[in-house]
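Hi,

Here is the structure I promised to pass on to you. Have a look at it first, and then read my notes underneath.

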Amino acid sequence: MPEQPEWGVAVVTGGASGIGAALAGRLSAGGSRVATFDLPGTEGPGELHVEVDVTDGPAVAAAVARVEAALGPVEVYCSNAGIAAGRGLGDDGDWERSWAVHVMAHVHAARAVLPGMAGRGRGSFVVTASAAGLLMMMQSAPYTVTKHASVAVAEWLAVEYGGRGVTLHCLAPQGVRTPMVAGGDERSRRELDASGEIIQPAEVAEAVVAALRSGEFLVTPHPQVRDYEAAKVADRTAWLARMRRLRARL
Ligand SMILES: NC(=O)c1ccc[n+]([C@@H]2O[C@H](COP(=O)([O-])OP(=O)(O)OC[C@H]3O[C@@H](n4cnc5c(N)ncnc54)[C@H](O)[C@@H]3O)[C@@H](O)[C@H]2O)c1
């Protein structure tokens, strides 16, 4: 462990599993004091694990206060919890839950930590979106649309709070080998396979650490996502036609 850690106190939400657990492990290995937040009944690899539903604003504020009292001011906040809810257009409950986790959880977290980071002139806030937030997850409208909103929240926060020693980051991976992916149905797995290589959570954590160092906003552990997004923006009609062909193949 380095004598002088690069980052002091870090919080990782969704820290009990998958990408969150890998992020928590990587930051701990770098010497940070890590707190993990996840749903009741979970355990996380952090020095402190708080059972909290990140869609509950007052509970998130209380959890952050608990971390700051125990470990000190939060320097890195990875707002990473996410859910795979809703097939096709989904039902209203899928949309409400997806909005709560993929949008409001970032807003609650931003309220709890960004004013402090800006005041201290030091901190980093990472929103885990998805390549689906730049492109599409054909099997789920609620996931696709609310992950687009996650990207927009991260961009909005980057303009409002970025600079002055605070960095904002938006993590947009494609397939990552986690329990979320393992739990998907056959069509979702075929879509994921068609999207390219499925990488390990540790590779995602390494990409986040590199962005924390460089200040890069968009974190794409699958580099082809940038090319796909550029092609989409260049000609949306052609891109949508390609997506329809891919959908028909799946
Ligand atoms: N696995 C992938 O292929 C992939 C690709 C792109 C983006 N993502 C995103 O990465 C993030 C992590 O996903 P993962 O693949 O590690 O999934 P995962 O299911 O392994 O982990 C997600 C964690 O979030 C927690 N969580 C969900 N709702 C919560 C809530 N309301 N409050 C607190 N904790 C909550 C879960 O309990 C779980 O521990 C998610 O935002 C996901 O959308 C995943």
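Below is what I found, going from the sheet to the helices, then the ligand and a few single residues.

One thing to keep in mind from the start: this is a predicted model.

**The sheet**

Start with the strands. Seven of them form an open sheet, and its order is E3-E2-E1-E4-E5-E6-E7, with parallel pairing. At the edges sit E3 (48-51) and E7 (218-219), each of which pairs on one side only. If the pairing is new to you, the background is that strands of a sheet pair through backbone hydrogen bonds, either parallel or antiparallel.

You can walk through the sheet pair by pair. E1 and E2 are joined in the parallel sense over five bridges, and valine 12 has threonine 36 as its bridge partner in E2. E1 also pairs with E4, again in the parallel sense, over four bridges. Here valine 12 turns up again, this time with cysteine 78 as its bridge partner in E4.

Next come E4 and E5 (residues 123-128), a parallel pair with four bridges. Two partnerships to look for: valine 76 has serine 124 as its bridge partner in E5, and tyrosine 77 has phenylalanine 125. Further along, E6 (residues 166-171) pairs with E7 in the parallel sense over two bridges, and leucine 218 in E7 is the bridge partner of cysteine 170.

How covered are these strands? E2 is mostly covered, with six of its six residues buried. For E4 the count is six of six buried, and for E5 it is six of six as well.

It is also worth checking which way the residues point. In a regular strand the side chains alternate between the two faces of the sheet. In E2, Arg33, Ala35 and Phe37 point one way while Val34, Thr36 and Asp38 point the other, and all are buried. Note that Arg33 and Asp38 are among these buried residues. In E5, Gly123, Phe125 and Val127 go one way and Ser124, Val126 and Thr128 the other, and these are all buried too.

**Helices H2 and H3**

Now for the helices. H2 packs on the sheet and touches E1 (9-13), E2 (33-38), E3 and E4 (74-79). The direction of H2 makes about 160° with that of E3.

H2 (residues 57-71) also meets H3 (residues 92-120): their axes come within 9 Å and cross at roughly 35°. That crossing is right-handed. On the H2 side you will find Gly57, Val60, Ala61 and Val64, and they meet His108, Ala109, Ala112 and Val113 of H3. By class, this contact has six nonpolar residues, two polar ones and no charged ones.

**Around the ligand**

Which residues are closest to the ligand? They are Gly14, Gly18, Gly82, Thr178 and Met180, out of 27 residues that surround the ligand. H1 (18-29) and H5 (179-182) each supply at least two residues of this shell. Sorted by class, the shell has 12 nonpolar, 13 polar and two charged residues.

**Three residues to click on**

Glutamate 43 is in the loop between E2 and E3. Why does glutamate 43 count as partly exposed? Because it has 13 other C-beta atoms within 10 Å, and partly exposed covers the counts between exposed (12 or fewer) and buried (20 or more). Leaving out residues up to four places away in sequence, glutamate 43 touches Ala16 and His49. Alanine 21 is 22 residues from glutamate 43 in sequence, and the two are 9.9 Å apart in space, C-alpha to C-alpha.

Arginine 164 lies in the loop between H4 (141-161) and E6. This residue has a positive phi of about 50° although it is not a glycine. Arginine 164 counts as partly exposed because it has 13 C-beta neighbours inside 10 Å.

Finally, valine 107 is in H3. With 15 other C-beta atoms within 10 Å, valine 107 is partly exposed. Valine 107 and arginine 187 are 80 residues apart in sequence and 32 Å apart in space, C-alpha to C-alpha.

Happy browsing!

Note on methods. Residues numbered from 1 in each chain as written. Predicted model: local features only at pLDDT ≥ 70, side-chain atom pairs only at ≥ 80, totals over all residues. Axes fitted to C-alpha atoms, helices over the stretch in contact; angles between N-to-C directions. Left-handed = near helix turned anticlockwise from the far one by under 90°. Contact = placed C-beta atoms within 7 Å. Nonpolar A, V, L, I, M, F, W, Y, C, P; charged D, E, K, R; others polar. Pairing = 2+ DSSP bridges. Near = placed C-beta within 6 Å.
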